[in-house]
Amino acid sequence: MERDINRPATWLWVWAAATALLLLAPTLVVVPLSFAGEASFVMPPKSWSLRWYEEFFTNPRWRDALSASLRVALLTTVTATALGTAAAYGLARLRGRAAALLSGLLLSPLIMPQIVTAVAVLAVYLRWQLNGTMAGFVAAHTMLAMPYVVVTVRAALSDYDRSLDLAASSLGAGPWTRFRTVTLPLLARGIVSGAVFAFVISLDDVVIALYLQTPLLRTLPVQMYDSITVDVDPTIAAAATLILAVTTAVLLLPSLIRSKKLKKVSVP
Amino acid sequence: MTPMEARGASLRLDRLVKRFGGQKNAAVDEVTLEVEAGEFVAFLGPSGSGKTTTLNMIAGFTPITSGRVLVDGVDVAALPANRRDLGFVFQHYALFPHMTVARNIAYPLRRRGVGRAETDRLVQQALELVRLEGLEGRRPAELSGGQQQRVALARALVYRPRVLLLDEPLGALDRQLREWLQRELKRLHRELGITFVCVTHDQDEALSMADRIALFDGGRLRQVGTPAELYRTPNSLFVARFLGESTVLRECVPSGEGSVTYGGIRLEMPKEAAPGAHDRIALVLRPESLALARRDGDAPPGANAVPVEITDVTYLGNTRRIAIRLPDGAEGAVAQPVDDPADWRPGEPAWMTWNPRHGSAVPEETPTTERSHP
């Protein structure tokens with residue numbers, strides 16, 4: 001029988017599924033654990049309950065950590081997206097050695113070991129009295145998240161037709177109007193993915209957050225880390241499951257919006 | 001406020017120079033040109049000849065190194081592109097992909113603060129002008145190349161600029177569409193009375209559309225004139241070769257009043273065709289002013305004759321193109337009407353004859369300054 005060349009072979013599906021399972025399985029273990037009835041990490045759980053979710057949303061330690069994490073992540077998303085987009089836009093207009101140098105500098109937080117960054121940030125923050133402050137958290141996370149925005153927006157810019165800028169200016173648009181009406185809408189997809197990355201990076205960070213935490217301001221990953229070192233508390237499984245759900249939802253968001261948009265276009 | 005009331009502006013380029021950083025030769029070298037209000041001028045030339053750079057300097061896309069650009073007598077060189085109020089049409093359309101056709105065309109009107117009702121009316125009018133009624137809700141990606149370029153034209157014309165600049169506007173389209181849009185551009189130019197400046201590397205496009213052609217080469221203007229002037233009286237070998245086909249008799253030496261010798265053959269030449277005082281000239285002959293004879297004696301009285309060899313015969317509908325080789329080895333071509341009974345075959349000797357009035361003399365160029373052109 002002739003095989004459709006566009007359809008992957010069955011073994012390829014099996015291979016892909018096995019790889020996906022290998023990548024996801026350790027993470028997915030926390031999901032059944034979070035619904036366990038007993039205060040232990042026994043897999044599979046002997047009984048089921050929602051008590052760890054209740055604990056998560058009622059215990060002030062967990063609730064405050066969640067609120068701190070969300071506030072830091074949202075503010076980081078805004079600052080990292082704005083700064084990263086501007087940086088990518090500027091980089092696209094540079095040529096030669098200056099561009100390579102600046103782009104390396106902007107992307108360096110990606111390569112720098114986080115522990116080194118964390119120690120350095122703490123040293124500076126202690127002098128500036130920024131540790132344990134919202135501004136300090138957001139600034140440090142912005143530094144971590146901005147490279148992701150720069151990368152996604154630069155990718156979007158590489159498809160961007162510069163003659164559209166010339167067209168807009170010949171039609172009477174000044175630089176700012178040009179950016180607002182042409183560049184920004186066309187880069188929207190890259191900017192949104194950058195923003196999603198920024199949000200997730202901030203939500204996910206534990207190393208820097210550990211150094212910057214104070215009893216008054218600690219993010220969810222720090223609270224999780226503390227809880228697991230102190231005692232065996234399955235609330236962490238509930239927290240982990242929630243984070244998993246939120247990040248998955250956030251990461252899937254752009255592709256969901258995209259497919260909806262495509263449908264809208266095809267029906268004139 | 002209808003497009004029909006629009007008026008073209010005159011355009012003057014005054015010793016315009018563009019020198020890109022680190023380059024020895026100027027990309028545009030002292031180009032001076034007057035374009036009358038309402039005229040259609042084509043910038044023609046090989047790639048890298050400076051024609052597009054000149055257009056970009058007029059538009060304000062490329063900073064001017066020195067010189068002036070005057071629109072209706074006002075120097076616009078210091079203004080940014082968005083304040084020059086000129087229209088620009090790009091080779092690859094440059095439509096905004098995230099906007100519908102209607103919003104693309106409305107874009108320049110919104111920048112000028114035109115009200116909504118007036119905008120709708122003008123957009124409709126522009127769509128009618130380019131014959132695209134009914135497509136206002138489409139996105140550029142849903143249109144063919146020809147339709148996209150007509151949307152781009154509507155967008156560049158809707159605010160009635162006094163000068164429309166076009167950069168290879170038909171370059172991305174296939175041949176049939178190109179010829180049809182050439183006629184459309186001519187019609188728009190006629191109907192609107194706007195000044196058109198169109199960059200092209202296609203001589204047929206320039207010959208068929210433009211009132212005048214400005215021929216660029218190496219950053220300089222080589223000749224400016226009507227298509228007929230450039231074709232009949234080229235001022236240089238470059239112009240003669242770039243526009244149309246020609247047979248060139250090289251290394252002719254003036255031998256007194258109204259005559260030259262070409263490889264020992266004396267050729268008559270009208271006095272007014274002499275290109276000034278040159279010790280050597282080249283004689284440019286167009287295919288349709290040449291004829292072929294079997295023997296020297298068969299040439300019409302008073303005609304010049306040069307012995308040639310037939311190398312090829314091609315039928316082109318209403319004419320036959322007969323390729324010939326001159327005594328010095330150069331190639332040439334004769335256009336023979338199909339009703340001419342003479343039957344020539346490759347390899348045959350013949351005499352190429354012409355009325356002395358139809359030759360045009362240009363200064364001979366030394367081989368080192370010569371360039372090869374298609």
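This is a short talk on a predicted model of a complex between chain A and chain B.

Okay, let's start with how far we can trust what's on the screen. The predictor gives the complex an ipTM of 0.82, and the pTM is 0.80. Chain by chain, chain B has an average pLDDT of 89, with 94% of its residues at 70 or above. For chain A the mean is 87, and 94% of the residues reach 70 or more.

Confidence does vary along chain A, though. Helix 8 of chain A, residues 163-170, has the highest value, at 95, and helix 12 of chain A, residues 235-266, has the lowest, at a mean of 75. Right at that end, residues 263-268 of chain A drop below 50, and that stretch has one contact in the model beyond near neighbours in sequence. Chain B has a weak stretch too: residues 368-374 stay under 50, with 10 contacts beyond four places in sequence. Where pLDDT is low, the predicted coordinates should not be read in detail. Please keep that in mind when you zoom in.

So, chain A itself. What is it built from, helices or strands? Helices: there are 12 of them, and zero strands. Put the C-alpha atoms in a box along the principal axes and you get roughly 75 × 70 × 35 Å. Chain A has 268 residues, and 41% of them are buried. If you take contacts in chain A between residues at least 6 apart in sequence, 69% join residues at least 24 apart.

Now for the place where the two chains meet. Chain B puts in 20 residues and chain A puts in 19. About 1600 Å² is buried between them, and carbon and sulfur atoms give 68% of that. On the chain B side, two elements each give two or more residues: helix 2, residues 101-111, and helix 4, residues 145-157. Helix 2 of chain B has the largest share, with three residues. Sort that side by class and you find 14 nonpolar, two polar and four charged residues. How many salt bridges are there between chain B and chain A? Zero. What we do get between the chains is five residue pairs in polar contact, both residues at pLDDT 80 or more.

Let's stay with helix 2 of chain B for a minute. Its buried residues are B:Val101, B:Asn104, B:Ile105, B:Ala106, B:Tyr107, B:Pro108 and B:Leu109. And what covers them? The cover includes parts of both chains: helix 8 and helix 9 (175-204) from chain A, along with helix 3 (116-129) and helix 4 from chain B. So that's helix 8 of chain A again, the one with the highest confidence in its chain. After helix 2 of chain B comes B:Gly113, which has a positive phi near 70°.

Speaking of phi, a general point: most residues other than glycine have a negative one. Chain B has a couple of residues to look at here. B:Tyr93 is not a glycine, yet its phi is positive, about 70°. You'll find B:Tyr93 in the loop between strand 6 (87-89) and helix 2 of chain B. B:Tyr93 counts as buried because its relative accessibility is 11%, under the 20% cut-off. Then there's B:Arg15, with a positive phi near 45°. That one sits in strand 1 of chain B, residues 11-18, and it is partly exposed, with a relative accessible area of 48%.

Two more residues in chain B before I stop. B:Gln182 is in helix 5, residues 175-192. Is B:Gln182 buried or exposed? At 11% relative accessibility, B:Gln182 counts as buried. Leaving out residues up to four places away in sequence, B:Gln182 touches B:Leu170, B:Glu205, B:Ser208 and B:Met209.

The other is B:Asp296, in the loop between strand 15 (290-293) and strand 16 (304-316) of chain B. B:Asp296 is partly exposed, at 42% relative accessible area. Setting aside neighbours within four places in sequence, B:Asp296 is in contact with B:Ala305 and B:Trp351. And to get a feel for distances in chain B: B:Asp296 and B:Pro140 are 156 residues apart in sequence, and their C-alpha atoms are 63 Å apart in space.

That's the tour, thanks for listening.

Methods
Residues are numbered from 1 along each chain as its sequence is written. Chains are lettered from A and ligands numbered from 1 in the order in which they are written. This is a predicted model: local features need pLDDT of at least 70, side-chain atom pairs count only at pLDDT 80 or more; totals for chains, interfaces and linings use all residues. Side-chain values use heavy atoms; hydrogens and water are left out. pLDDT is the predictor's confidence in each residue, from 0 to 100. Contact means heavy atoms within 4.5 Å. Buried area is the accessible area (1.4 Å probe) that two parts lose on being put together, summed over both. A salt bridge is a side-chain nitrogen of Lys or Arg within 4 Å of a carboxyl oxygen of Asp or Glu. A polar contact is a pair of N or O atoms within 3.5 Å; within protein, one must be able to donate a hydrogen and the other to accept it, and residues adjacent in sequence count only if both atoms are side-chain atoms. Helices (H or I, at least four residues) and strands (E, at least two) are DSSP runs, numbered from the N terminus. Ala, Val, Leu, Ile, Met, Phe, Trp, Tyr, Cys and Pro count as nonpolar, Asp, Glu, Lys and Arg as charged, and the others, Gly among them, as polar. Buried means under 20% relative accessible area, exposed over 50%, partly exposed in between (1.4 Å probe, protein chains only).
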